[in-house]
Number of protein chains: 2
Amino acid sequence: MAEIRLIDIKEDILSDNQALAGQIRDALRNHRIFLMNLMASPGGGKTSLILQTLRRLKDKFRMAVIEGDIDSQVDAEKVIREDIPAVQIRTGGFCHLDASMIEMAFKELEMTALDAIIVENIGNLVCPAEFDIGATRNVMILSVPEGDDKPLKYPLMFSICDALVVNKTDYLEGSDFDLPVLRERVRKLNPDIRIFEVSCKTGQGIDAWTQWLAGEIKTVQNPSP
Amino acid sequence: MAEIRLIDIKEDILSDNQALAGQIRDALRNHRIFLMNLMASPGGGKTSLILQTLRRLKDKFRMAVIEGDIDSQVDAEKVIREDIPAVQIRTGGFCHLDASMIEMAFKELEMTALDAIIVENIGNLVCPAEFDIGATRNVMILSVPEGDDKPLKYPLMFSICDALVVNKTDYLEGSDFDLPVLRERVRKLNPDIRIFEVSCKTGQGIDAWTQWLAGEIKTVQNPSP
């Protein structure tokens, strides 16, 4: 009988992507540029957190934003109103950014004039977790209305992130969202993750978040020998 | 104010794909190999039509099948039971095949020993229509239970196909599927399309289909000077 030859597309794509992400990370380290990959569900508050962060850090660091969207550029328009350069990646239906898209976006930025770049990934807790983009730090947002059970449903995302921003804490009062339970679930997957509780609406907790981020950017600028 | 730089991923991908598909089509023509791209909704009867076709044509032509699936190889297993070589492309979630995947599959086949290759695309009436794979002929199946309104909903697929196989005609009796209305809707989009009415279950109409296909394969083998 004839035999079946098997080709696994996703495995091939993931390993190609991993190699390119490694090259991006090395190049950024050499040029002392910090890259943050921000991931969340749709409506979790990615753009709001980016705008709050830019307002607090843009006088300290030379920043830029890469906006990933399936089909629009409204988020990039908000970013440039802060007088920050923005690259809009329109994926046309793809549900995540990958390393090759980030490489394309770098070509549109004056990289030598930058200290830190924030990438707003596509709103999705699944695929972006699988595609390393070469970031210095992976950060995710979980917003209170999404519920405290998300670590059980999307364990990979919580596992690969260096920091978790719990957003919309202004919704905590009167909700059944259990912060201690959430923390326990997250730390079981990822004991070293940093957790910040913020409300982009009221501004509560944002300073602690941006202090941590500023520290991470400085570590890249002044690496220990 | 800063300006937005825009990168359109899908347009870039589609134009790269189109270039590679053109190269594949040229190479196949030079080697006198026929390539059919078979598309349909999930459950439309792609594998059944392929098996019926192989049984009628495998003694006349040296054939092979490339099976696209999101995650399994059950269809390829059916093909090799007909003693026909099969390559299984497992996309791991992607909803269509593209030219680069077909190029990878060719490397797993003994191309010089083949007259005709059938590609079973991923079950989907949307994305596969956008991605040229370099086929000699694009063929789609519409099965009667899907309804006669599909040309209105998926016009691109009906527009790019050289032949439409209306399958499961054994369901016509007592259904509200209107064949003349379907034909009219299809021809409005694509006046030159060939339409075959078959039942893979009863075998009705299959001979007319395979006669046409055999003629198309022969045209590639003996091109007019």
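Buried here means under 20% relative accessible area. Keep that cut-off in mind for the stop at A:E146, in a model that is predicted.

**Stop 1: A:E146**

Select A:E146. It sits in the loop between β6 (137–143) and α6 (150–153) of chain A. Is A:E146 buried or exposed? Its relative accessible area is 18%, so A:E146 counts as buried, given that the cut-off is under 20%.

Now show what surrounds it. Leave out residues up to four places away in sequence, and A:E146 touches A:S41, A:G44 and A:L125. Pick A:G44 from that set. Along the chain, A:G44 and A:E146 are 102 residues apart. In space, their C-alpha atoms are separated by 8.1 Å.

**Stop 2: the whole of chain A**

Zoom out and colour chain A by secondary structure. You should find nine helices and eight strands. Turn the chain along its principal axes: the C-alpha atoms fill a box of roughly 65 × 45 × 40 Å. The radius of gyration of chain A is 18 Å. A compact globule with 225 residues would have one near 17 Å, so the value for chain A agrees.

Next, colour chain A by burial. Of its 225 residues, 53% are buried. Then draw the contacts with a separation of 6 or more. Residues 24 or more positions apart account for 73% of them.

Switch to a surface view. Chain A exposes about 10200 Å². Carbon and sulfur atoms supply 48% of that area.

Finish here with the charges. Chain A has 26 positive and 35 negative ones. How far apart are the mean positions of the two sets? The separation is 4 Å.

**Stop 3: B:S199**

Move to chain B and select B:S199. This residue lies in the loop between β8 (194–197) and α9 (206–221). B:S199 is buried because its relative accessible area is 0%, against a cut-off of under 20%.

Show its polar partners. Which side chain does the side chain of B:S199 meet in a polar contact of 2.7 Å? That partner is B:D170. The side chain of B:S199 also reaches a backbone atom, the nitrogen of B:T202, at 3.0 Å.

Last, widen the selection. Set aside neighbours within four places in sequence, and B:S199 is in contact with B:N167, B:K168, B:T169 and B:D170. B:Q204 and B:I206 complete the list. B:D170 thus appears among these contacts and also as the polar partner at 2.7 Å.

Notes
Residues are numbered from 1 along each chain as its sequence is written. Chains are lettered from A and ligands numbered from 1 in the order in which they are written. This is a predicted model: local features need pLDDT of at least 70, side-chain atom pairs count only at pLDDT 80 or more; totals for chains, interfaces and linings use all residues. Side-chain values use heavy atoms; hydrogens and water are left out. Helices (H or I, at least four residues) and strands (E, at least two) are DSSP runs, numbered from the N terminus. Buried means under 20% relative accessible area, exposed over 50%, partly exposed in between (1.4 Å probe, protein chains only). A polar contact is a pair of N or O atoms within 3.5 Å; within protein, one must be able to donate a hydrogen and the other to accept it, and residues adjacent in sequence count only if both atoms are side-chain atoms. Contact means heavy atoms within 4.5 Å. The radius of gyration is taken over C-alpha atoms; the globule rule is 2.2 Å times the number of residues to the power 0.38. Accessible areas come from the Shrake-Rupley method with a 1.4 Å probe; for residues, only the protein chains shown count as cover. Lys and Arg count as positive and Asp and Glu as negative; His and the chain ends are not counted. The place of a charge is taken as NZ of Lys, CZ of Arg, CG of Asp or CD of Glu.
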